[in-house]
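Let's take a friendly walk through this structure, starting at one residue and working outwards. Have the sequence and the model side by side as you read.

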Amino acid sequence: MLEKTGRTTFAAGSDAPLTIRRIDAIPVALPLKSPMKMAGETITAAQNILVRIEAKDGTVGWGEAASAPTMTGDTLGGLTAAVRDFLAPRLIGQDARQWPALRPGLHRALLGNGGAHSAIEIAMLDLIGKVSGKRLIDLVAKPRREAVKPMWLLGNKTAEEDVAEAHLRQKEGFNFFKLKIGVKELAKEIAIAFAVREALPKTPLCADANCGLTLAAAKSYIDKTRKARLMFVEQPLAYDDFEALKKLTRAAKVPVGVDEAIHSFADITASAKAGAGGVSLKLIKLGGITAAIEAGKLSQRLGLSVNIAAKIAESSISSAAALHLACAVPKADWGVSLTHFYLAEDLVRRPLPLKNGLVALPDGPGLGIEVDEAAVERFRVK
Ligand SMILES: [Mg+2]
């Protein structure tokens with residue numbers, strides 16, 4: 001995605017160019033603690049691309065993007081090829097400090113491919129941050145906050161399991177929950193909303209259908225769960241059906257969120273016009289953090305609420321990038337999903353911790369995380 005930003009270069013410690021020597025696209029499969037069933041897909045292992053950018057001086061920056069066939073159309077093979085064969089050759093030998101000037105050319109050369117563009121941009125900014133001693137967020141924005149309250153997704157087979165998991169996660173410090181719907185029989189999903197609400201009377205609760213409901217089912221779900229006080233219902237309908245979205249938002253007494261339908265600034269504006277109450281912003285959909293921050297500002301101007309989310313599931317590399325984004329946008333009032341918590345094993349030495357209900361921006365330069373290259377090799381898809 002292209003937009004005008006004033007900056008054309010980054011100071012990175014000295015005037016010497018920060019020459020890019022090598023870029024690796026590394027496909028990985030990261031097992032989840034337990035499978036996540038959503039409308040359209042069940043995920044047992046996250047298939048992600050890692051981007052490792054090495055400068056001539058040996059400094060390394062990391063980026064990551066999840067494959068998301070049902071959200072961006074990105075497959076693991078597609079992401080790997082986009083980075084390895086198309087974007088990387090255009091960057092080798094370039095000065096990373098010129099990233100703001102290099103970026104528009106990459107987006108003109110390769111449309112779509114949001115995951116590949118995002119992983120490249122995050123790795124580039126991680127590298128520049130490490131060389132200049134600055135946090136990634138300080139390179140691209142004025143921080144609006146230093147920590148976020150993460151939300152937890154519930155998608156078990158039964159209400160009892162969802163309630164048990166919610167109680168367990170609440171003890172760990174999660175205090176905002178999203179129900180995955182559009183999967184089971186509607187009456188059962190309505191009953192689950194009430195069961196979880198009864199178990200957590202004061203906790204913010206929302207639902208996400210991942211395009212899995214018809215207009216009639218969405219109206220029925222929203223109407224019948226009103227007393228469960230859902231904060232919003234996300235992407236109930238097919239991603240491209242803005243006419244049905246308009247009909248739903250006219251009738252619904254609960255705000256409707258849009259996720260799978262957002263891939264550009266135009267989609268955000270169209271969602272607002274269709275009466276949506278908010279949008280979910282993901283780095284892989286918008287093609288990187290520069291565009292995602294602009295999308296957050298646009299959402300603010302349009303009066304939309306904002307959810308910031310990583311895809312199920314990404315390691316602490318992507319979670320850190322999503323955290324920097326969530327701390328950079330004007331608001332993230334519809335919660336922040338950081339998905340490394342769902343992985344059986346992470347790719348960094350110290351996974352981003354949840355402390356006192358908050359995940360704080362790390363102090364270190366760049367993303368502020370330290371990638372464990374042995375773990376990367378263990379999970380590499382050969
Ligand atoms: Mg969603």
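## A buried aspartate

Asp259 has a relative accessible area of just 1% in this predicted model, so it counts as buried, the cut-off being under 20%. Glu234 is buried too, at 2% relative accessibility.

These two residues link distant parts of the chain, being 25 residues apart. Glu234 belongs to strand S8 (residues 233-234), while Asp259 sits in the loop between strand S9 (256-258) and helix H9 (265-273).

## The magnesium ion

Which residues supply the protein donors of the magnesium ion? They are Asp208 (OD), Glu234 (OE) and Asp259 (OD), at 2.0 to 2.2 Å from the ion. If you follow the donors along the chain, you will find the spacing D-x25-E-x24-D.

## The sheet around it

Now for the strands. Eight of them make up an open, parallel sheet, in the order S5-S6-S7-S8-S9-S10-S11-S12. Strand S5 (152-154) and strand S12 (336-337) are at the edges; each has a single partner strand, so one side of each lacks a neighbour in the sheet.

Within the sheet, strand S6 (residues 177-180) runs parallel to strand S7 (residues 205-208), and four bridges join the two. Here we meet a metal donor again: Asp208 in S7 stands opposite Lys180, and Asp208 is one of the magnesium donors.

## A helix on the sheet

Helix H11 (residues 289-301) packs on the sheet, where it touches strand S10 (278-281) and strand S11 (305-309). The direction of H11 makes about 175° with that of S10.

Notes
Residues are numbered from 1 along each chain as its sequence is written. This is a predicted model: local features need pLDDT of at least 70, side-chain atom pairs count only at pLDDT 80 or more; totals for chains, interfaces and linings use all residues. Side-chain values use heavy atoms; hydrogens and water are left out. Donors are N, O and S atoms within 2.8 Å of the metal (3.2 Å for Na, K and Ca); water is not among the atoms, so sites may look incomplete. Buried means under 20% relative accessible area, exposed over 50%, partly exposed in between (1.4 Å probe, protein chains only). Two strands pair if DSSP finds at least two bridges between them. Contact means heavy atoms within 4.5 Å. Axes are lines fitted to C-alpha atoms, for helices over the stretch in contact, and angles run from 0 to 180 degrees between N-to-C directions.
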